[in-house]
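I opened this entry to log a few lookups. I wanted to see how the interior is put together and how some of the pieces pack.

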Amino acid sequence: MQIAEQSNESAVNLFKTPSSSLLSFIGGLDISYRKDDNNACVALVVISYPELKLVYESCFMVEVTKPYIPGFLAFREVEFFMKTVNELKANSSEYFPQVILVDGNGILHPKMFGLASHLGVLLDIPCIGVAKSLHFVDGLQRDVSYRQKVESLNKAGDYFYLLGTTGNILGAALKTCKAAKNPVFVSQGHRCSLESAIAVVKLCSIYRVPEPTRLADIQSRKFLQQEIHTTSSCKPNTTR
């Protein structure tokens, strides 16, 4: 097992956009479904780095018409994520993030092309997959060896690679904070190495789930609780 540690300074240097600009804004995307129908709330948030403060948020209701097929989640959700990211770029470009975290997977996927990869390729922006549950692909399983590795993650920032039976490194199980009993599963989506993806997730984590996707989840769930018509939406909001 390999456990690695990196300082905040080295982590920032690991992640570079094509223009080599340093990290200043990080986006997070999530979608929450209503239990009784096909309506869902799409949420995009942007936080500042290093403050980790919310600077932009947008959420809106959608009707999801495509069925859920295991391994093809991106085809169900990616159009909604593209819409909200493009609106951010058009209307509040000053908050456009250097990287977006997606509640899902990148290459940790049966086809090595999950939601974070799909979205990143379509938008041509760096994307990182951060999943709360392990995707059992390429021989990955929650066996004795896996549990021993998880138990060896002692402090925030410790991680081990997820090595498939084909020899491919599909991602990493990362302990994001000391209180977290379970790791999150980080995989590169697009225009980002695994090491850079791990570094970015470490930099924006306070709790188990990194702030961008944690806040996107909170905002989408709050929005769902409101008694609104499915075609209604909240206007994008900047908070600074």
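**Entry 1: a loop threonine.** The model is predicted. I started with Thr-176. Leaving out residues up to four places away in sequence, I found Thr-176 touching Ala-156, Val-184, Val-201, Ser-205, Tyr-207, Arg-208 and Val-209. I then looked up where Thr-176 sits: in the loop between β7 (169-174) and β8 (184-190). Is Thr-176 buried or exposed? Its relative accessibility is 7%, and the cut-off for buried is under 20%, so Thr-176 counts as buried. I also checked its side chain. The side chain of Thr-176 reaches the backbone oxygen of Arg-208 at 2.6 Å. Arg-208 is also on the contact list of Thr-176.

**Entry 2: the cores.** Next I went to the largest nonpolar core, which has 32 residues. Which members touch the most other members? I noted Ile-26, Leu-101, Ile-128, Val-186 and Ile-198. Helix α5 (residues 194-203) gives the most to this core, with 6 residues. I followed up on Ile-198. Setting aside neighbours within four places in sequence, Ile-198 is in contact with Tyr-159, Tyr-161, Ala-172, Leu-174 and Val-186. I logged a second, separate core as well. This one holds 28 residues, including Leu-44, Val-55, Tyr-56 and Val-64.

**Entry 3: a strand valine.** I turned to Val-102, which is found in strand β4 (residues 99-102). The relative accessible area of Val-102 is 0%, so I filed this residue as buried. What does Val-102 touch, not counting residues up to four places away in sequence? My list reads Leu-29, Leu-115, Ala-116, Leu-119, Ile-128, Gly-129, Val-130 and Thr-213. One of these, Ile-128, I had already met in the largest nonpolar core. I also took a backbone distance. The C-alpha atoms of Val-102 and Gly-120 are separated by 9.9 Å, with the two residues 18 apart along the chain.

**Entry 4: a helix pair.** Last, I looked at helix α2 (residues 73-91) against helix α3 (residues 115-123). Their axes come within 10 Å and cross at roughly 45°. The angle falls outside the parallel, antiparallel and perpendicular ranges, so α2 is oblique to α3. I noted the hand too: α2 passes α3 in a right-handed crossing. Which residues meet? From α2 I listed Ala-74, Phe-75, Glu-77, Val-78, Phe-81, Met-82, Val-85 and Asn-86. From α3 I listed Leu-115, His-118, Leu-119, Leu-122 and Leu-123. Leu-115 and Leu-119 also appear among the contacts of Val-102.

Key
Residues numbered from 1 in each chain as written. Predicted model: local features only at pLDDT ≥ 70, side-chain atom pairs only at ≥ 80, totals over all residues. Heavy atoms only, no water. Core = buried A, V, L, I, M, F, W, Y, C linked by side-chain atoms within 4.5 Å. Buried < 20%, exposed > 50% of the residue type's maximum accessible area, 1.4 Å probe, protein only. Helix = DSSP H or I, 4+ residues; strand = E, 2+ residues; numbered from the N terminus. Contact = heavy atoms within 4.5 Å. Polar contact = N/O pair within 3.5 Å; in protein donor to acceptor, adjacent residues only side chain to side chain. Axes fitted to C-alpha atoms, helices over the stretch in contact; angles between N-to-C directions. Parallel < 35°, antiparallel > 145°, perpendicular 65-115°, else oblique. Left-handed = near helix turned anticlockwise from the far one by under 90°.
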